[in-house]
Number of protein chains: 2
Amino acid sequence: MLELAILGFLYDAPLHGYELRKRITALTGHVRPVAESTLYPAIKRLEKAGLLTRETQPGSVAAQRHVLNLTAAGREELRGRLAEPGRVDITDENRWFTVLAFLRHLDDPAAQATVLARRLAFLEEPASFFYEGERPLHAEELDDPFRRGILTIARATSRAELAWLRSTLTDLRGRAETKPF
Amino acid sequence: MLELAILGFLYDAPLHGYELRKRITALTGHVRPVAESTLYPAIKRLEKAGLLTRETQPGSVAAQRHVLNLTAAGREELRGRLAEPGRVDITDENRWFTVLAFLRHLDDPAAQATVLARRLAFLEEPASFFYEGERPLHAEELDDPFRRGILTIARATSRAELAWLRSTLTDLRGRAETKPF
DNA sequence: TAGTAATACATCGGCACCGATGTATGCTCT
DNA sequence: AGAGCATACATCGGTGCCGATGTATTACTA
């Protein structure tokens with residue numbers, strides 16, 4: 001999740017840790033803040049795995065900074081993670097949004113469509129948060145106003161996303177036909 | 001998160017671990033599956049903290065089962081966690097939904113309203129996933145179709161939830177007036 | 001009668017993440 | 001001249017969670 005965001009931001013341009021942190025905070029921080037003590041170890045992990053390099057620069061503004069650069073392997077890794085996200089990356093909204101935020105880096109429309117199609121398939125499964133036996137319940141069947149709220153909100157999200165997915169998929173497939181390779 | 005769900009389900013009735021797992025899977029499993037190796041240690045933690053007791057029963061259906069029972073401290077703990085959720089429980093949709101799923105156990109309408117009001121305040125903050133300097137961008141200003149999708153979906157969710165929150169809040173406040181204590 | 005599935009619980013190693021805390025530098029305001 | 005703040009990186013202990021694996025029992029089914 002965090003690693004995906006790091007790779008995604010560095011794919012565009014080399015950044016130092018602090019700037020990276022600000023961008024990640026802007027992207028997902030209002031929902032789940034990123035602790036510094038999570039970011040720096042994550043950077044080190046990626047460096048150790050050969051996905052990025054760190055270049056020490058004398059502190060132009062403040063203390064010395066390490067400019068982070070994706071390696072070829074790092075770029076490959078990002079494309080791989082975007083093209084074949086794990087199951088939870090598709091189902092968990094937080095993770096899914098992070099995938100979406102960087103999906104443009106996967107510049108093949110067909111590959112992008114494949115990823116969107118997986119999300120579409122997931123949303124089309126009949127699922128709820130509450131069941132009677134096997135049967136998913138819908139909002140009107142619940143007495144509890146708070147649980148009814150969950151279903152009301154989830155349904156609104158689902159509808160909006162399904163509409164967006166379908167229209168974006170036809171767009172992408174149109175583009176894939178025009179420019180097949 | 002998981003602990004809240006455990007406390008929440010046991011608040012209604014004593015259950016054994018396996019049944020608990022099925023209920024948690026029904027509630028949040030389609031988004032984030034719960035591993036068994038996460039559930040059982042969590043139960044142990046809560047037992048160690050004196051929030052629940054385990055009673056071994058001979059296996060009526062299969063292997064022996066431990067029936068889990070909330071203690072008075074456990075009930076108190078749940079009410080506390082519901083009445084004063086952490087910041088992330090309010091902002092992260094996954095956690096927030098779990099709070100909502102059990103908020104009825106907090107049977108004072110005024111206390112319930114306080115929690116909903118916190119979520120309302122969070123959603124009313126002007127926030128986005130993408131910024132130009134300080135200014136939050138909205139969907140129409142983005143070229144990237146995927147990022148535009150994020151904002152489109154988030155806006156639909158936000159609208160539905162704001163409407164639900166406002167109407168539920170007036171309901172709750174009406175009930176709080178009628179029955180002040 | 002053997003195989004498989006469902007029920008039911010447990011442990012182990014590993015890792016991501018967090019809060020607290022520490023160390024510097026350089027800029028701005030008073 | 002000194003305080004305070006933003007910049008910038010780092011370590012440490014703790015914990016929640018996961019995947020893999022193991023152990024039993026009961027029920028079904030081929």
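Analyst: A polar contact is a pair of N or O atoms within 3.5 Å; within protein, one must be able to donate a hydrogen and the other to accept it. The model discussed here is predicted.

User: Which residue's side-chain oxygen reaches the backbone nitrogen of F146(A) at the start of α8(A)?
Analyst: The contact sits at the start of α8(A), and its N and O atoms come to within 2.9 Å. The cut-off for a polar contact is 3.5 Å. The side-chain oxygen belongs to D144(A).

User: How far apart are the end C-alpha atoms of helix α8 of chain A?
Analyst: Helix α8 of chain A covers residues 145-178, which is 34 residues. At 1.5 Å a residue, the helix should span 50 Å. The ends agree with that, lying apart by 50 Å.

User: Which residue of chain B forms a salt bridge with D144(A)?
Analyst: D144(A) is buried, at 11% relative accessibility. Its partner is partly exposed, at 29%. The partner lies in the loop between α6 and α7 of chain B and D144(A) in the loop between β5 and α8 of chain A, so the pair joins two chains. The closest N and O atoms are 3.2 Å apart, and the partner is R104(B).

User: What rotation superposes chain A on chain B?
Analyst: The shift along the axis is 0.0 Å, and the RMSD is 0.0 Å. The two copies are thus related as by a two-fold rotation axis. The rotation is 180°.

User: Which residue of chain A comes closest to the rotation axis?
Analyst: The distance is taken at the C-alpha, and it is 2.4 Å. The residue is T157(A).

User: Which side chain of opposite charge is nearest to E93(B)?
Analyst: E93(B) is in helix α6 of chain B. Its contacts beyond four places in sequence include E93(A) and I153(A). E93(B) is buried yet has no salt bridge. The nearest opposite charge is 4.9 Å away, beyond the 4 Å that a salt bridge allows, and it belongs to R119(B).

User: Is R147(B) buried or exposed?
Analyst: R147(B) is in helix α8 of chain B. It is in contact with residues of chain A, among them F9(A) and L100(A), and with F130(B) and L142(B) of chain B. Its relative accessible area is 12%, and buried means under 20%. So R147(B) is buried.

User: How many of the 11 residues of helix α1 of chain A are buried?
Analyst: Those buried include L2(A), E3(A), F9(A) and Y11(A). The helix is largely enclosed by the rest of the structure, because the number buried is 10.

Note on methods:
Residues are numbered from 1 along each chain as its sequence is written. Chains are lettered from A and ligands numbered from 1 in the order in which they are written. This is a predicted model: local features need pLDDT of at least 70, side-chain atom pairs count only at pLDDT 80 or more; totals for chains, interfaces and linings use all residues. Side-chain values use heavy atoms; hydrogens and water are left out. Copies are superposed by least squares on the C-alpha atoms of residues with pLDDT of at least 70 in both. Helices (H or I, at least four residues) and strands (E, at least two) are DSSP runs, numbered from the N terminus. Buried means under 20% relative accessible area, exposed over 50%, partly exposed in between (1.4 Å probe, protein chains only). Lys and Arg count as positive and Asp and Glu as negative; His and the chain ends are not counted. Contact means heavy atoms within 4.5 Å. The expected span of a helix is 1.5 Å times one less than its number of residues.
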